[in-house]
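Reader: I am a first-year student, and I would like to take a careful look at one part of this protein, namely its disulfides.

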Amino acid sequence: MAEPRALRWPIGLLLLASCTGQFGDLPANGDDDGDGEATAPLCDAIEPGESPLRRMTRVEYDNTIFDLLGDDSRPARGFVPEEESLGFNNQAAALVVSPLLAEQYMTAAEGIAARAVGKLLGGAPACREAAAGAACRGEIAALVASLGKRAFRRPLADDEIAEFAALFDRGLDLGETPDDASTGLALVVQAMLQSPHFLYRVEFGMPDPAEGDVVPLTSYEIASRLSYLLWGTMPDDALFAAAEQGALGTGAEIEAQARRMLADPRAREAVKNFHRQWLGLSKIDEIAAGGRDPELYPEYRDELLPLFQTETEAFLDHAIFEEDASVSTLFTASYSMMNRELAELYGVKGPKGEAFERVELDPSQRAGFLTHAGLLSLYAKPNRSSPVHRGRFVRQSLLCQIPPPPPDVVPEPPMVDRTKTTREQFSQHVSDPGCRSCHTLLDPIGFGFEHYDALGRWRDAENGIPVDASGELTQTDTDGPFDGAVELAHRLAESEQVRACVVKQWFRFGYGRAEQREDACSLSQATQAFEASRYNIRALLVALTQTDAFRYRRAIYVGGDVGGDAGSRAADDTGSAAEGAPGGEP
């Protein structure tokens with residue numbers, strides 16, 4: 001089956017291209033039949049759900065520029081930050097392009113092109129001598145085809161090559177000297193880097209449907225989905241070769257590539273990026289804004305914050321890629337990764353230098369990432385622990401439950417009273433009717449962390465009073481009282497609700513959008529494979545490449561009468577991004 005030539009957008013549509021989807025988090029429980037009981041999906045048809053246009057994030061942009069041109073200047077660090085949705089910064093619905101960002105794309109493209117031209121011209125030696133000659137024309141056409149295929153992650157059509165070659169010709173008159181090939185080639189590179197086909201993953205699928213109005217993605221589109229899911233960058237040579245051979249059309253072919261890619265160091269960076277956002281690790285440096293009360297926490301210094309983040313990232317990396325860990329291990333492991341300075345803060349022996357190494361911890365005091373100093377500090381206050389923030393983190397990030405919104409008038413938190421424990425001071429939340437509905441869901445979980453102060457250090461007493469770290473889980477599949485965060489971590493490790501939340505969070509991050517009713521079968525496919533692997537994280541990543549949502553999309557119709565509701569579904573996939581585009585579609 002021949003793969004179609006992609007349709008092309010004019011560059012002027014760039015500012016419209018990311019206005020798609022809806023903002024806001026979804027309820028914790030997705031599908032039910034109205035009586036509160038979840039219903040299992042039938043999965044008797046291919047149901048891909050939405051396929052929104054996905055713009056590169058800043059990290060993806062810098063990674064792609066490096067892999068495409070060897071440019072390590074990382075210009076996207078100066079771009080305006082992405083808006084977050086669902087806790088992630090790669091959600092298609094939130095990745096709008098402001099006029100400022102469009103200008104930053106232009107400036108970055110000019111600088112990147114200027115740095116790349118010299119090396120690129122090495123592949124067009126005839127252009128150095130006679131840029132207007134026929135030999136140069138042939139070399140430029142070949143260069144455009146080669147570079148364009150990698151930049152757009154698909155082969156260029158003949159008319160696209162001709163347009164870029166014509167742009168090269170126009171640039172010959174703009175250089176400092178006649179027939180300046182470097183200026184013409186720089187214009188070509190700038191245009192490619194500002195094209196929606198570079199900045200977005202533009203997908204149309206195969207011309208022939210698999211069933212109804214559902215089409216398989218092309219091999220080149222699958223290659224891009226694989227590379228940006230597992231590496232956060234463009235496909236490598238092996239993926240391009242597989243795409244060219246049409247060898248990404250079956251689940252087995254896709255799985256083989258996914259397993260190969262997970263053995264590459266770039267997969268570790270992509271997994272690290274997920275955890276930075278899911279757990280909030282990227283926000284640990286924000287603790288510096290408020291710091292810690294120097295009278296209560298004289299040991300605190302801003303230099304600890306990168307160590308906090310590195311600990312959790314190194315632990316997760318070691319567990320997932322060195323020990324092939326399950327979700328349970330992430331919650332229950334009685335070891336972490338520390339250097340000498342961090343070990344001193346924890347009060348443990350082991351590391352002698354600056355390098356992070358595995359450190360065994362007291363299993364009665366520490367269990368997995370949930371008891372790491374960085375997360376405990378992040379979800380704390382400058383002058384005390386915070387049962388509310390710690391409880392919210394567990395409820396929202398680990399159980400995928402959205403607590404009710406706070407009242408219009410939020411009461412002031414209790415003043416610090418050094419004659420009472422934090423637990424005693426926060427007892428007002430239970431007695432205040434305006435606070436009770438929300439805090440009965442949060443505080444009983446957060447109180448389980450009271451053995452850890454605002455720096456994440458273990459304590460048996462607070463203000464001379466023994467710590468009460470008893471807590472309770474409600475509205476979960478592991479309801480009941482627990483004593484301390486270690487017991488809580490072990491309880492969460494066995495929770496089907498937590499495991500489902502992990503799948504859901506990876507779905508959101510990996511697919512760049514919220515899950516919807518149409519995704520029930522894709523979530524079920526991933527969950528079943530996850531369960532069969534005994535909840536292995538790498539197996540989950542492979543499973544995400546096997547779903548309907550990953551391999552298919554609704555057909556795109558351009559102009560004419562599409563007929564039926566298939567056309568309306570196709571239009572829904574592109575949302576308001578398509579307004580103003582030919583036929584209402586890209």
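Reader: When the bonded cysteines of the protein are numbered in sequence order, what is the pairing?

Author: The pairing is 1-6, 2-3, 4-5 when the bonded cysteines are numbered in sequence order. This is a predicted model, in which local features need pLDDT of at least 70 and side-chain atom pairs count only at pLDDT 80 or more, while totals for chains, interfaces and linings use all residues. Residues are numbered from 1 along each chain as its sequence is written, and side-chain values use heavy atoms, with hydrogens and water left out.

The structure holds three disulfides, a disulfide being a pair of cysteine sulfur atoms within 2.5 Å. One of them joins Cys43 and Cys521, whose sulfur atoms are 2.2 Å apart. Because Cys43 lies in the segment before strand 1 (54–55) and Cys521 in helix 23 (residues 520–532), this pair ties together parts that are 478 residues apart in sequence; helices (H or I, at least four residues) and strands (E, at least two) are DSSP runs, numbered from the N terminus. The torsion about the S-S bond of Cys43 and Cys521 is about -110°, so this disulfide is left-handed. Cys43 is partly exposed at 37% relative accessible area, whereas Cys521 is buried at 9% (buried means under 20% relative accessible area, exposed over 50%, partly exposed in between, with a 1.4 Å probe and protein chains only).

Another disulfide links Cys127 to Cys136, with 2.0 Å from S to S, and is right-handed, with 100° about the S-S bond. Cys127 is buried at 2%, and Cys136 is buried at 0%.

Cys400 and Cys501 are also joined by a disulfide, right-handed with 80° about the S-S bond, and both cysteines are buried.
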